Amino acid sequence: MTENTPKIKIGIVEDEMVIALTIENALEDLGYEYCGPASGYGEALELLETHKPDLLLLDISLSGKKDGIDIAEKINLFYQMPFIFLTANSDPATIERAKKVRPNAYIVKPFTKEELYAAIEIAFSNFNSQMNKPVANNDLTNSMNAFVFLKDGKYFHKVHYNEITYIESGNNYTTVYCTTKKKLMVRSPFTEFLETLPASMFTRVQRSYAVNITKIDLLEMDDVTIGGVKVPVSRSYRGPLMKLLGD
């Protein structure tokens, strides 16, 4: 990874300032940027619009008429992002309301830095699973605007599918090459990782390579050129590639 790769930014919606400060310190220790805290409904919507976080830590119980569940409803309607509910409230009515807005993870207060780390990991994983549903794979326009959170080493990175140029197989990992010249080493087998990418955009061209067809600059007999890089094409994969390209 290049040093100037943007960090994941996590928004905080929490009206207890001591807890908010604890969260800020934990996120800093974990290597994440943060914005906030917002202490209520209006401030939370302003945070979403102004700072555009990649993930939101969202306290369910907030001062005012509207709570974290109301904010979650807005996120589901107007924003494409994961969120984690923070709660000290376990009454059945609140839990039922919370379930309906489908949070990507829960964390019960008080919590440790390790528990926060685990909740963030789970939230990104669950969000990726939602984004990778087959229905999205058949729509090229939607796929180009969609994104995924990829973990390289200790950290997650937000990557739009349209940024990925090609992927290469390693032993137990996959190298993801991007238009920004950065590359990510994802600990996932090649075939398994390829299956998470939109089939309308990505296709295998050789046993160890798959390409983003929207990024191909030149197609030759034995390879394709993407951003000045030649990626080998096997004869057995040339036919499916040509079909995707419209012959």
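**Exercise 1. The sheet of β13, β14 and β15**

Find the residue that is the bridge partner of T225 in β15, and then work out which strands stand at the edges of the sheet.

*Solution.* Begin with the single contact: in this predicted model, T225 has K230 as its bridge partner in β15. Next, widen the view to the strands themselves, where β14, made of residues 223-226, pairs with β15 in the antiparallel sense over 4 bridges. Then place this pairing in the whole sheet, which is open and consists of 3 strands in the order β13-β14-β15, with antiparallel pairing. The last step concerns the edges: β13 (218-219) and β15 (229-232) each have a single partner strand, so one side of each is left without a neighbour in the sheet. As background, strands of a sheet pair through backbone hydrogen bonds, in either a parallel or an antiparallel way.

**Exercise 2. From β8 to β11**

Trace the strand pairings that start from β8, and state which strands pair with β8.

*Solution.* First take β9 (residues 174-178), which pairs with β8 (residues 164-169) in the antiparallel sense over 5 bridges. Within this pairing Y166 stands opposite Y177 of β9, and the connection between β8 and β9 is a hairpin through 4 residues. Now take the other partner: β8 also pairs with β12 (residues 209-212), again in the antiparallel sense, over 3 bridges, and here E168 has Y209 in β12 as its bridge partner. From β12 the path continues to β11, since β11 and β12 pair in the antiparallel sense over 4 bridges, with R204 and A210 of β12 as bridge partners. A hairpin through 2 residues joins β11 to β12. Finally, consider the surroundings of β11 (residues 202-206): 4 of its 5 residues are buried, so this strand is largely enclosed by the rest of the structure.

**Exercise 3. Classifying aromatic pairs**

Decide whether the pair of F85 and Y106 is stacked, edge-to-face or tilted, and do likewise for F147 and F149.

*Solution.* A pair of aromatic rings is described by the distance of the centres and the angle of the planes. The count for this model comes to 9 aromatic pairs. For F85 and Y106 the ring centres are 6.1 Å apart and the planes stand at 50 degrees, so the pair is tilted; this follows because planes under 30 degrees apart count as stacked and those over 60 as edge-to-face. The two residues come from distant parts of the chain, with F85 in strand β4 (residues 83-87) and Y106 in strand β5 (residues 105-108), 21 residues apart. Their surroundings can be compared as well: F85 is buried, with a relative accessible area of 0%, whereas Y106 has 41% relative accessibility and counts as partly exposed.

For F147 and F149 the centres are 5.7 Å apart and the angle between the planes is 85 degrees, which makes the pair edge-to-face. Both of these residues, F147 and F149, are buried, and ring pairs link them with F124, F127 and F156 into a cluster. One further neighbour is K158, which lies over the face of F147 at 4.3 Å from the ring centre.

**Exercise 4. Strand β6 and a pocket**

Describe how β6 is joined to β7, and then find how many residues β6 gives to the lining of the second largest pocket.

*Solution.* Start with the strands: β6 (residues 147-152) and β7 (residues 155-160) run antiparallel and are joined by 6 bridges, and V148 stands opposite V159 in β7. Their hairpin has 2 residues between the strands, and in it G153 takes a positive phi near 70 degrees. Then turn to the second largest pocket, whose volume is about 400 Å³. Its lining has 18 residues, of which K151, V186, R187, S188 and F193 are the closest to the centre. Two or more lining residues come from each of α5 (113-131), β6, β10 (183-186) and α8 (190-194). The answer is that β6 gives 5 residues, the largest share of the lining.

**Exercise 5. Cysteines**

State how many disulfides there are, and whether C35 and C178 are buried or exposed.

*Solution.* The count of disulfides comes to 0. For the second part, the cut-off needed is that buried means under 20% relative accessible area. C35 has 6% relative accessibility and therefore counts as buried, and C178, at 5%, counts as buried too.

How values were computed:
Residues numbered from 1 in each chain as written. Predicted model: local features only at pLDDT ≥ 70, side-chain atom pairs only at ≥ 80, totals over all residues. Heavy atoms only, no water. Phe/Tyr/Trp six-rings, centres within 6.5 Å; stacked < 30°, edge-to-face > 60°. Buried < 20%, exposed > 50% of the residue type's maximum accessible area, 1.4 Å probe, protein only. Lys NZ or Arg CZ within 6 Å of the ring centre and 35° of its normal. Pairing = 2+ DSSP bridges. Disulfide = S-S within 2.5 Å. 1 Å grid on protein atoms, 1.4 Å probe; cavity = no way out; pocket = protein on both sides within 12 Å on 5 of 7 lines; lining within 4 Å. Points joined across faces, edges and corners; volume = space filled by probe spheres on them.
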